[in-house]
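Reader: I should like to learn how to read domains, pockets and cavities in a model of this kind. Please take each feature in turn, the general idea before the case.

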Amino acid sequence: MSRRIHFTVDGQSVEADDGQSIMEACDAAGIYIPRLCDAEALVPQGSCRVCVVKLNGHTVAACTQPAEDRAHIESDTHEIRSYRRDLVRMLFHEGNHLCPVCEASGQCELQAMAYRLGISQDAPYPYLQPVRPLDASHPDIALDTNRCILCGRCIRASRDVDGKHLFEYVGRGIHKRIGISAATLAETDATIDDYAFSAGVCPVGCIIRKHEGYEVPIDERRFNKQVIGSRIEAKLLDDNEEEA
Amino acid sequence: MSARRKRIATTSLAGCFGCHMSLLDLDEHLFDLLAKVDFDRSPLNDKKTFTRRCDIGLIEGGCCNEENVRVLREFREHCDVLVAVGQCAITGGVPVMRNSIMHAEDPLRECLEVAYNASKTVQNPQNLIPNDPVLPLLLDKVYTCAQVVKVDYQIPGCPPSAEVFRIALDALIHGAPPQLDHALIRYD
């Protein structure tokens with residue numbers, strides 16, 4: 001049996017197994033740390049930085065950083081909330097996130113995160129309005145990369161769960177994007193039953209399952225009914241699971 | 001002595017008038033609002049020009065043509081506090097989708113060709129593209145309000161619900177920022 005460790009999050013004491021990440025330990029304790037690139041069943045990669053916390057005064061990604069015995073962790077402070085708000089705002093300004101015309105609206109984690117973080121006012125960033133491609137070649141799946149936030153959840157789902165390696169990061173910096181293993185999605189061996197295309201892998205409206213749009217009307221969707229993270233805070237189950 | 005009644009002006013630029021319709025959804029609360037404010041330039045009373053300086057200017061829609069820019073600048077000039085209302089004013093909304101075809105060599109022409117000629121559902125045998133001198137000239141792309149003038153606050157939503165309008169206007173009338181509770185923030 002692994003050694004038990006103890007630390008505090010915003011003054012609240014948390015117990016964890018040695019080697020658990022800060023996020024795993026907090027999830028189990030009912031403390032929600034906002035996240036976008038991490039999802040259940042996927043290897044954490046710590047790239048979106050929305051889960052930033054302060055571990056003994058140093059900023060770290062809670063999804064990849066192992067918890068330490070007797071550590072002091074700050075998460076829900078003014079400073080950390082500001083970091084998270086800025087990160088989410090930058091994601092909104094970097095891509096083309098037009099909620100009124102997006103079929104993921106109401107079940108989009110980026111949008112839900114902005115709601116949770118209380119983003120209603122303007123940010124000091126320009127809208128980059130990039131020109132990005134749409135791949136509707138596959139009979140059952142479409143990719144609208146205007147909405148991609150580069151979380152890499154589809155990459156890890158395809159590689160680690162499906163064993164297909166359909167996606168990979170291409171390019172660096174502002175030119176970074178998700179590449180497909182063929183010229184179009186239709187030329188790959190992607191199928192609608194792949195885990196990579198299941199609901200809850202793509203946090204935004206980039207991966208679109210065709211023939212299913214608007215089956216659940218706007219206003220009756222997941223994050224219209226509950227704040228993102230509320231399932232973890234209620235210690236019910238993983239936040240990606242839908243309410244039965 | 002009671003405080004001076006606040007003066008509000010509103011306009012719809014590149015929007016669908018949905019935000020104005022939602023404002024009218026205040027229903028009986030409109031009586032409470034009209035007890036506290038006077039409407040100056042607004043499509044709601046059909047006043048086309050400012051009669052005097054206003055406290056609050058509500059802008060629906062972004063800028064897709066030169067007239068939108070002129071009206072927006074007039075509002076900035078005549079209003080103490082300018083508020084971008086709805087996703088079109090804030091992000092460009094539906095009209096801004098035309099910016100994503102800007103890779104084309106002559107993007108504006110391509111946009112008009114698709115809208116008036118090339119689309120399968122359009123019947124236009126003479127291939128006419130509207131070009132009357134009274135029509136405002138289209139801009140090269142669609143701009144958000146904040147890209148054209150300084151915007152003080154924004155009220156998100158598509159459209160913002162009547163409840164959001166009620167809370168935000170109440171704050172603005174009292175000179176406070178339109179703070180919205182988490183549950184009231186919506187982008188759709």
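Author: Domain bounds come from an automatic or database domain assignment. In this predicted model, chain A is divided into domain 1 (1-130 + 215-244) and domain 2 (132-213). The contact between them, where contact means heavy atoms within 4.5 Å, takes 28 residues from domain 1 of chain A and 23 residues from domain 2 of chain A. Their C-alpha centres lie 22 Å apart.

Reader: Which conventions govern the numbering and the values?

Author: Residues are numbered from 1 along each chain as its sequence is written, while chains are lettered from A and ligands numbered from 1 in the order in which they are written. The model being predicted, local features need pLDDT of at least 70 and side-chain atom pairs count only at pLDDT 80 or more, whereas totals for chains, interfaces and linings use all residues; side-chain values use heavy atoms, with hydrogens and water left out.

Reader: How is a pocket told from a cavity, and how much space lies in the largest pocket?

Author: On a 1 Å grid over the protein atoms alone, a cavity is a set of points where a 1.4 Å probe fits but cannot get out; a pocket is an open set with protein on both sides within 12 Å along at least five of seven lines, and lining residues have an atom within 4 Å of a point. Grid points are joined across faces, edges and corners, and a volume is the space filled by probe spheres set on the points. The largest pocket holds about 950 Å³. It is lined by 42 residues, and the closest to its centre are Cys148(A), Ile149(A), Leu150(A), Lys176(A) and Arg177(A).

Reader: What is the make-up of the lining of the largest pocket by class?

Author: Ala, Val, Leu, Ile, Met, Phe, Trp, Tyr, Cys and Pro count as nonpolar, Asp, Glu, Lys and Arg as charged, and the others, Gly among them, as polar. The lining of the largest pocket has 27 nonpolar, 8 polar and 7 charged residues. Domain 1 and domain 2 of chain A each provide at least three of its residues. Among secondary-structure elements (DSSP runs numbered from the N terminus: helices H or I, at least four residues; strands E, at least two), helix 2 of chain A gives the most, with 4 residues.

Reader: How many cavities of 30 Å³ or more are there, and which residues lie closest to the centre of the largest cavity?

Author: The count comes to 3 cavities of that volume or more. About 240 Å³ lies in the largest cavity. Its lining comprises 19 residues, with Phe92(A), Ile119(A), Tyr127(A), Gln154(B) and Tyr187(B) the closest to the centre. Helix 2 of chain A and helix 4 (86-91) of chain B are the elements that give two or more residues to this lining. By class, the lining of the largest cavity divides into 10 nonpolar, 7 polar and 2 charged residues.

Reader: Where does the second largest cavity lie?

Author: Both domain 1 and domain 2 of chain A give residues to the lining of the second largest cavity, so it lies between them. This cavity has a volume of about 80 Å³. Its lining includes His97(A), Cys99(A), Cys102(A), Cys108(A), Arg147(A) and Val204(A), and divides into 6 nonpolar, 2 polar and 1 charged.
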